[in-house]
Amino acid sequence: MTQSVVVQVGQCGNQIGCRFWDLALREHAAVNKKGIYDEALSSFFRNVDTRNGGDGADIHKGKIFSLKARALLIDMEEGVVNEILQGPLRDVFDSKQLITDVSGSGNNWAVGHQLYGCRYREHIVEKLRRMAEHCDCLQCFFVIHSMGGGTGSGLGTFVLNVLEDEFPEVYRFVTSVYPSGEDDVITSPYNSVLAMKELNEHADCVLPIENESLFSIVSKIHQMTNSGKLGSTVKQNSLLTSSSGSIKTEQEKPFDAMNNIVANLLLNLTRLDQMFSDAFSKDHQLIQADPKHSLYLACALLVRGNVQVSDLRRNIERLKPSLHFVSWNQEGWKTGLCSVPPVGHSHSLLALANNTCVKPTFTELKDRFMKLYKKKKWAAEMLASTRDHWTSQSPARKWKTRLELYLNKTKEREDNSEVSSQQEKQIMRKQPVVELTLLPLNNTVYLKNLQQSIKLG
């Protein structure tokens with residue numbers, strides 16, 4: 001059985017990661033009634049015997065003693081990590097899985113990438129190697145971070161570079177949360193553009209999630225709730241595995257507001273076919289995009305619950321005429337069925353698509369970037385804050401050179417932003433864009449977008 005390691009970077013990355021581990025424990029507790037450590041649990045958890053103190057030895061079979069997440073938590077501010085360690089998941093992590101500081105990155109990509117990256121590189125490598133040693137067959141790393149902040153964008157992409165250097169044969173999957181147009185971090189366009197370049201070079205697979213799209217889902221559900229159209233809710237039973245290996249049940253609020261919102265929106269539909277239609281609707285994407293009006297390279301549909309193969313085939317044939325696939329891959333469909341339904345729901349659908357519909361998202365981000373830079377807003381402040389941390393012989397000059405290089409290349413392309421259909425096909429042949437729709441399980445399932453529809457440097 002293969003194992004995966006999750007690397008959570010920054011405030012956003014650790015908050016999303018916390019909900020992921022909570023959901024993972026619930027999923028396993030729902031089917032693992034006897035508390036036995038099996039291959040499924042080993043994918044993301046270690047079973048550690050801590051009865052004799054010390055680090056404890058890994059137990060590969062038998063009863064669950066103490067589950068430890070295969071995760072590395074990184075943040076240059078201690079707040080969110082401390083909340084996790086004081087919360088219900090505190091027993092899933094220990095101090096050897098944490099890398100924290102107190103000053104933060106000041107919403108500056110260069111501070112996170114160059115200053116903290118160089119300062120903590122050895123610590124990061126040491127902890128990653130230790131986690132890899134606990135894996136029988138390390139399959140991939142999942143990196144969770146935001147694009148707008150300094151730690152998430154800067155240190156998050158630095159970690160990605162480290163993973164490529166130290167574990168070149170292991171896949172690197174990234175979940176990147178892009179800022180909304182109303183983001184309160186004024187330097188987020190700078191941070192995002194610089195981080196996008198690193199993602200393009202070092203990530204195997206990127207899942208883009210857009211804050212603005214999530215906000216629209218929240219608003220829609222609130223409207224449906226107020227109008228009385230939602231008839232059912234998610235079960236409120238909380239199933240967590242304690243440090244002693246026993247499973248306990250507690251009554252508490254639904255485990256994640258975002259999970260409830262997405263699930264409630266789709267589980268009350270009267271027809272299963274509607275769920276498949278919504279998977280390709282612009283109203284149910286994790287980024288603001290309309291996949292139906294863009295070009296597909298391939299599409300995967302992963303279904304959980306009481307759904308038959310005939311349901312999948314019927315809906316694919318029904319939807320194919322309205323979806324535009326590249327000429328050389330008209331049958332580019334992959335399907336997967338799992339009879340075990342998601343916790344608290346009867347069924348769910350996860351749609352993964354290689355699609356060019358992410359281009360408008362990157363174009364809008366580039367426009368925000370150029371709007372700031374043309375007025376020289378905050379560019380001097382970012383460089384000044386960088387110089388405050390380094391001497392004149394430090395990597396600050398490299399960062400400035402890189403920033404100016406990106407700006408010059410971006411400006412040259414500003415008047416040629418329209419991509420012809422032939423160019424679009426060539427782009428997809430090189431690095432296809434993958435865009436994810438999750439229906440209706442949660443927003444912490446991670447897979448990809450390698451953004452090359454618009455080159456920013």
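1. A cavity here is a set of grid points where a 1.4 Å probe fits but cannot get out. With that in mind, the largest cavity of this predicted model holds about 80 Å³ of space. Five cavities of 30 Å³ or more are counted by this rule.

2. Which residues line the largest cavity? They are Tyr178, Pro179, Ser180, Gly181, Glu210, Glu212, Thr361, Glu364, Leu365 and Arg368. By kind, the lining divides into three nonpolar, three polar and four charged residues. Helix 11 (residues 359-374) gives the most to this lining, with four residues.

3. Now for the whole chain, as a backdrop to the rest. The chain has 457 residues, and buried ones make up 56% of them. It contains 14 helices and 18 strands. About 20700 Å² of the chain is exposed, and carbon and sulfur atoms supply 49% of that area. Among contacts between residues at least 6 apart in sequence, 80% join residues at least 24 apart.

4. A general point helps with the interior: in soluble globular proteins, nonpolar side chains tend to be buried together. In this model the largest nonpolar core has 45 residues, of which Val7, Ile74, Ile124, Leu128 and Phe141 touch the most other members. Elements giving two or more residues to this core are strand 1 (3-9), strand 7, helix 4 (109-133), strand 9 (138-146), helix 5 (150-166), strand 10 (171-178), helix 6 (188-202) and helix 11. Helix 4 supplies the largest share of the core, eleven residues. Helix 11 thus turns up twice in this note, once among these elements and once in the cavity lining.

5. Ile74 is a handy residue to click on if you want to look around this core. Leaving aside neighbours within four places in sequence, Ile74 is in contact with Val7, Gln8, Val9, Gly10, Asn14, Ile99, Ile124, Leu155 and Val159. Another core, of 35 residues, lies apart from the largest one, and its members include Ile16, Tyr37, Val81 and Leu286.

6. Finally, a look at Arg70, which sits in the loop between strand 6 (67-69) and strand 7 (71-75). Is Arg70 buried or exposed? Its relative accessibility is 6%, so Arg70 counts as buried, the cut-off being under 20%. Arg70 and Val6 are 64 residues apart in sequence, yet their C-alpha atoms are 6.4 Å apart in space.

Key
Residues numbered from 1 in each chain as written. Predicted model: local features only at pLDDT ≥ 70, side-chain atom pairs only at ≥ 80, totals over all residues. Heavy atoms only, no water. 1 Å grid on protein atoms, 1.4 Å probe; cavity = no way out; pocket = protein on both sides within 12 Å on 5 of 7 lines; lining within 4 Å. Points joined across faces, edges and corners; volume = space filled by probe spheres on them. Nonpolar A, V, L, I, M, F, W, Y, C, P; charged D, E, K, R; others polar. Buried < 20%, exposed > 50% of the residue type's maximum accessible area, 1.4 Å probe, protein only. Core = buried A, V, L, I, M, F, W, Y, C linked by side-chain atoms within 4.5 Å. Contact = heavy atoms within 4.5 Å. Areas by Shrake-Rupley, 256 points an atom, 1.4 Å probe, with all protein chains shown as cover.
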